[in-house]
Amino acid sequence: MAIPNSLTSTAFRHRDQLAEGRSRIEDRFRAGLPSVQTANALTELYDQVVNDVFQQSLENAFKNGAKRQHLDRLTLVAHSGYGRCDLSPYSDADLMLLTPRTMASAAAPVAGSLVRDLTDASMDVGFSVRTPSEACSLAWTDPKIYTSLTESRFLAGNEANFRHFRDSFRKGAKRRWKYLNREAIQVRREERRKWGETIYLLRPNVKRSRGGLRDIQLVRWLGFATHGQTELSQLYKLGALSSEDLETLRRAYGFMLRLRHELHFRSKQAQDILDRPTQMEIARDWGYQGSLGVLPVEEFMQDYFEHTRGVRYVSAFFDDEHRARSKTANAIEHVLSHRVDKAIRMGPTHIWVAANKLESFAKNLPDVLRLMQFANEHRRRISHPTWQAIREAMQDRDNGHPDSRSVDAFLALLSRPGRLAPLLRRLHELRIIEQLIPAMRRCRGLLQFNAYHKFTVDAHCIGAVEAATDFEDDESAMGRRYRRMKDKTLLHLALLIHDLGKGYDEDHSEVGRRIAGDVADAFNLDESHKETLQWLIHKHLLINEVAFRHDLNDSDVVHRFAAEVGSVGRLELLLVHTVADLKAVGPDVITDWKMGLIEDLYLRTRRYFETGNLPGENDPALDEHRNEIISLIQSQGGNESVTQLVSELPLSLLRSHSREELADELCLVGQWLSEKRGCFCDGVVEPESDAIRFNVVLRQGEKRIGMFARITAAFYACGLGIFRANVETIGEDLLWDSFWVSDPDFAGNTPPQRIAQISDVVRKALDEPDSPVPVPRKVWKTKGNSEPTSVNLLPTKIIFDNDTFDHQTILSLFTYDRAGLLSEIAAVLFQQGVSVHFAKIDTHLDQIADVFYITDAKDQPILSSDFQNEIRQAILSVI
């Protein structure tokens, strides 16, 4: 149906009214209008437009024949965020038209006109037409409708009908409070799983992530069903919230509502994701200055995390208090409980303090830590009333040096896995850990501002403890190594403090070593344990550095690593620490490839400790593996030249691929060798990683310099993203290069003809060295999400190492990734006359850690500082 010109002009007028109103409110917001008043001003703006359109819709319906007495019985209701008056600039408007059942025919044209004109005015509208009984019935069956309607507000029309609906809705909710609260909590859990179960996210959703605005709303929803009120101040008066909890929620609400307004005003649309560039801009515009070792953006995010931590804490206890409980289950818990000591009782699932002992018990830190020790040892949850009392008592406790009983109880807590991580989180929220370990205070909410780490320093450290304790029930080799540690106290303590040196100009491992010494002294550890703790913190990145950046086939590498570690006991301690640390960094950080390298280094080093043999020396298991590969090759008709290659394969290739894979690939390479032409290139799809692994094999000869550059350029010319690479040497002159690439054109389903096409491009680039280097495609997708260059805060590092080897220089490069960067770096090395003998390329999200073993044009290590600087400047010019 065509829209009359009058309605079109009305829509334009309302659109201008919204735009001009938002602009005026933004000016006031920038001038310092508090966030709650800003939300009220936006709500008034919406109300003006909605009421104008509603009245016009009523008039149009009356002109078209609807009876005035019927129209007078309609009621327009705002609900959800619009109902509670906390709109942000581009929030949607949730509306419900209440109508008596007999007036449905009169409501239909009003509803159609209302929605059409509000939409034409550029307002996002959620709309429904319901009778009061329909609205209530739907709310009792759909928790999303229920939670939305708890925040209902009269807008226009018949106010008596609204009061009748509201009273009926409130009474019905109170009768069903157990069910409704349980459903509301479940819906919120599902939302948190989608948007972030932890508050410590790099790119949080300020509304839906844990500790965000939605958790404050959850308190209101639960309060409505239980107490008939949604206002936080009313819940406080009713005793449902303490004064401290009320103040925590109010402060957080003001901060996060201001932040949400800021996101909307900046983007000119509904936007709740706080991404990294915006974090930097807001930190600057809100006047954050930073401090020594802490960037302004990190200081801003510490404030954000402090508020979300408070909201998570208060809402979690409010949820627990208002969750439906079975009286029978509670009775059974008490009947089956037994006394642990004079104050503590323990049931089948919970542990608690007797009510008559609770007040004095909660104020005593050694007793609280002892309770946690019992809870951890017996894997029991601390009951809510007990923990609530402890929380209130500890908030009033003066921070002082812990006594020996507290230290002993804390170390006893650390000695067992059990429920250690959740208990540590609770202690950290109460600021008890920082009383025991003062360095933890500085790292509270300290964001590691890069895409590699996903959590704040304190959350990462506790997460590392959790990753280690998860090995308790793990049937893998790592689980067996963790379980055979008789005393796990030192491991758990090291993981808890391993990154507390972050945020200083000095290397965090150096700072961490000193912190470890202070902790050891405060905890009265003996000299042996103190030395081990300091070594573990100081060297907690050692396995990563060796496994990911060095050639594990080189016996000198393993020998030096073994000398640094010193014993099998320390090796296993460092191994479990390393893997737990990586697991706590974020999802998908510890890939199968990385785990394989770590395991490879561990096995080689352990074998050296036990037998004195370095890699490849007197290894029966390796000899058997080679023989099995030879048998498979012979069964496929491979000749002697192919089987000869098996004896020359480096250990990294032998250990990283199955015998079947290697046999198949060696047969293909053997066929290529027999033809004595060009180079070899073939790709294999690895479905589990959505990657293609290309093997490029060629004879070095006189064409060694520039080959790596031409290979990477060829891949980029085909639109591929290289996220991992290994360059190995077989025998004296055969290079075996493996590249793991992503093909955005096919997203893990690359067909054989595409692989053949890419292989042809690579072969041509190598077989015709005088031909132009392939030119990369101008636009293609890359693996992972990239961030604008404005957030690249971590410095690029280019390190030349001539201490590890006499015959080669190790060039290490750490920087932010972008499409085609590896190809450009390889081209720089070629232009400088540098040969690449070995390489490990690793990319995670937006960061790369690349290692090249290089020599100059005369096959000598690069010792000249002038030449090193020339190479460094050339690499920086392309970065």
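## Cores, a helix pair and cysteines

The largest nonpolar core has 103 residues, of which Phe410, Leu424, Ile437, Ile497 and Phe523 touch the most other members. A nonpolar core is a set of buried Ala, Val, Leu, Ile, Met, Phe, Trp, Tyr and Cys residues joined through side-chain atoms within 4.5 Å; buried means under 20% relative accessible area, exposed over 50% and partly exposed in between (1.4 Å probe, protein chains only). The model is predicted: local features need pLDDT of at least 70, side-chain atom pairs count only at pLDDT 80 or more, and totals for chains, interfaces and linings use all residues. Residues are numbered from 1 along each chain as its sequence is written, and side-chain values use heavy atoms, without hydrogens and water.

Helix α30 (residues 568–585) gives the most to the largest core, with ten residues. Helices are DSSP runs (H or I, at least four residues), numbered from the N terminus. Leaving out residues up to four places away in sequence, Ile497 touches Ile437, Ala516, Val519, Leu533 and Ile537, where contact means heavy atoms within 4.5 Å. A second, separate core of 48 residues includes Val696, Leu766, Ile841 and Phe852.

Helices α2 (residues 35–63) and α12 (residues 243–267) pack at about 55°, with axes 8 Å apart. Axes are lines fitted to C-alpha atoms over the stretch in contact, and angles run from 0 to 180 degrees between N-to-C directions.

The count of disulfides (cysteine sulfur pairs within 2.5 Å) is zero.

| Cysteine | Nearest cysteine sulfur | Relative accessible area |
|---|---|---|
| Cys443 | Cys461, 6.8 Å | 0%, buried |
| Cys681 | Cys679, 6.6 Å | 3%, buried |

Terms used:
Helices (H or I, at least four residues) and strands (E, at least two) are DSSP runs, numbered from the N terminus.
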